[in-house]
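Welcome! Have the sequence and the 3D view ready, try each exercise yourself, and then compare your reasoning with the worked solution.

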Amino acid sequence: EVAIRAAFKAVSEGRQVAVLVPTTVLAHQHFQTFSERLAAFPVRVAMLSRFQSKAEIKVALEGLADGSVDIIIGTHRLLSNDINLGLLIVDEEQRFGVKQKEKIKGLRQNVDILTLTATPIPRTLNMALVSIRDMSVIETPPEDRVPIKTYLFEHHPDILRGAIAREMQREGQVYLVHNRVDNIERLAADIRRMLPTVRVAVGHGQMGDEELEKVMMGFLEGEFDVLVCTSIIESGLDIPNANTMIINNAHHFGLAQLYQMRGRVGRSARQAYCYLLYPPARTLTDEATKRLETIRDFTQLGAGYQIALRDLEIRGAGDILGAEQSGSIAAVGFDLYCKMLADAVAGLRGEAPKYEVSDQP
């Protein structure tokens with residue numbers, strides 16, 4: 001909602017808007033949403049996606065060049081096009097890498113950038129906390145939503161069978177995330193053997209575009225009960241009838257990924273469940289244990305900000321300028337570092353220093 005209103009404001013001022021998203025599925029959903037919301041206004045919305053034909057892409061690019069396209073929605077291939085950009089909207093900001101973000105920074109000096117994310121990465125959150133970037137938090141959940149019940153278990157066939165059977169009893173659907181393509185079919189076969197009446201589909205990024213789209217649309221329309229898939233479902237799917245999420249080998253995922261995947265369920269008034277599974281008799285690293293405990297404990301609606309803060313604690317803040325994931329904060333301590341940074345920012349803005357950190361012992 002914030003993004004649509006900001007885009008409309010920029011277009012009404014005669015500027016073009018680019019909406020950058022990480023996946024083609026999400027680009028397609030946003031294209032539909034923007035088109036429906038702005039249908040009553042003289043605003044032309046276009047999309048760049050691999051689901052489009054070459055002719056459609058050519059028309060969109062020509063419209064961008066001559067200014068007839070006001071809002072363009074697409075994946076990172078957008079960044080290579082020269083447009084009269086007034087506003088860049090980056091959705092699912094945590095899915096973009098450092099190189100892509102550096103390219104975004106160098107795009108134009110006078111472009112406003114609005115980034116949207118449920119779980120900002122540590123570097124972005126740190127920049128907001130020390131006032132380099134402005135941040136606002138929307139904590140009001142949609143009406144009738146209930147928190148997702150989250151459980152942490154050792155992997156066992158009985159847990160899989162029980163979780164899927166319970167969801168089948170209430171005629172719902174299940175996501176089973178398994179991020180290894182080499183043996184994902186074997187896991188699907190195990191589910192079919194355990195529960196012969198359950199309709200199981202498999203989806204992963206190495207499938208052809210048409211095949212994958214067919215599986216996703218089939219799951220959306222209720223043709224399958226269980227979708228055994230990789231983390232490609234992390235963003236862009238909104239299926240209210242799917243309310244059980246099982247994440248296999250959960251210790252391999254980052255906090256933001258776990259939070260985003262859990263967010264694929266619980267998208268209606270029905271109680272949703274998320275099962276985090278890790279291998280039995282496996283000693284997890286301290287960091288993996290902290291991640292799993294964090295996602296288990298923070299189940300309240302709008303917990304993304306608290307989870308991002310915990311992620312910042314676990315992983316460190318990263319380098320503000322450049323691609324380094326860690327800096328020399330440890331040498332001065334995080335508190336002093338933040339004060340020095342705040343003074344430097346205030347100086348660049350022509351304001352008086354906030355702290356006047358002394359170089360005297």
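**Exercise 1: The whole chain**

Of the contacts in the protein chain with a separation of 6 or more, what percentage comes from residues 24 or more positions apart?

*Solution.* Please keep in mind that this is a predicted model.
- Step 1: Residues 24 or more positions apart account for 75% of those contacts.
- Step 2: Now look at the elements in the chain, which has 13 helices and 11 strands.
- Step 3: Of the 361 residues, 45% are buried.
- Step 4: Finish with the outside: the accessible surface is about 19,000 Å², and carbon and sulfur atoms contribute 51% of it.

**Exercise 2: Walking across a sheet**

Find the open sheet of 6 strands and work out the order of its strands. Which strands lie at its edges?

*Solution.*
- Step 1: Going across the sheet, you meet β6, β11, β10, β7, β9 and β8 in that order, with parallel pairing.
- Step 2: β6 (149-154) and β8 (200-203) each pair on one side only, and that makes them the edge strands.
- Step 3: On average, neighbouring strands here are turned by 20° against each other, direction ignored.
- Step 4: Zoom in on the β8 edge, where 4 bridges link β8 in the parallel sense to β9 (residues 226-229). Val200 has Val226 in β9 as its bridge partner.

As a reminder, strands of a sheet pair through backbone hydrogen bonds.

**Exercise 3: A strand inside the sheet**

Take strand β7 (173-177). How many of its residues are buried, and which strands does Val177 face?

*Solution.*
- Step 1: Count the buried residues of β7: they are 5 of its 5. Here, buried means under 20% relative accessible area.
- Step 2: Sort the side chains by direction. In a regular strand the side chains alternate between the two faces of the sheet. In β7, Gln173, Tyr175 and Val177 point one way, while Val174 and Leu176 point the other way.
- Step 3: Look at the two partners. β7 runs parallel to β10, joined by 5 bridges, and pairs in the parallel sense with β9 over 4 bridges.
- Step 4: Follow Val177 to each partner: its bridge partner in β10 is Ile247, and in β9 it stands opposite Cys229.

**Exercise 4: Two helices, one method**

Check the length of helix α8 (residues 209-220), then find which residues form its buried side. Repeat this for helix α6 (residues 157-169).

*Solution.*
- Step 1: α8 has 12 residues, and at 1.5 Å a residue its expected span is 16 Å. The C-alpha atoms at its ends are 16 Å apart, so the two values agree.
- Step 2: In α8, Leu212, Val215, Met216, Gly218 and Phe219 are buried. These residues fall within an arc of 160° seen down the axis, so they line one face of α8.
- Step 3: Ask what covers that face: β7, β8, β9 and β10 (242-247) are among the elements that do. The face turned away carries exposed Glu210 and Lys214.
- Step 4: Just past α8, find Gly222, with a positive phi near 85°.
- Step 5: Now α6: its 13 residues should span 18 Å, and its end C-alpha atoms are 18 Å apart, which agrees.
- Step 6: The buried residues of α6 are Leu160, Ala163, Ile164 and Glu167. They cover an arc of only 90° around the axis, and therefore sit on the same side of α6.
- Step 7: The buried residues of α6 pack against β7, α7 (184-194), β9, β10 and β11 (273-278). After α6 comes Glu171, with a positive phi near 60°.

**Exercise 5: Strand β1**

Is strand β1 (residues 16-20) largely enclosed or left open?

*Solution.*
- Step 1: 5 of the 5 residues of β1 are buried, so the rest of the structure largely encloses this strand.
- Step 2: Check each face: Gln16, Ala18 and Leu20 lie on one side, with Val17 and Val19 on the other.
- Step 3: Find the partners. β1 runs parallel to β4 (residues 85-91), joined by 5 bridges, and Ala18 has Leu88 as its bridge partner there.
- Step 4: β1 also pairs in the parallel sense with β3 (residues 71-74) over 4 bridges, where Val19 stands opposite Ile73.

Notes. Residues numbered from 1 in each chain as written. Predicted model: local features only at pLDDT ≥ 70, side-chain atom pairs only at ≥ 80, totals over all residues. Heavy atoms only, no water. Pairing = 2+ DSSP bridges. Axes fitted to C-alpha atoms, helices over the stretch in contact; angles between N-to-C directions. Expected span 1.5 Å × (residues − 1). Buried < 20%, exposed > 50% of the residue type's maximum accessible area, 1.4 Å probe, protein only. Arc of directions from axis to C-beta. Contact = heavy atoms within 4.5 Å. Areas by Shrake-Rupley, 256 points an atom, 1.4 Å probe, with all protein chains shown as cover.
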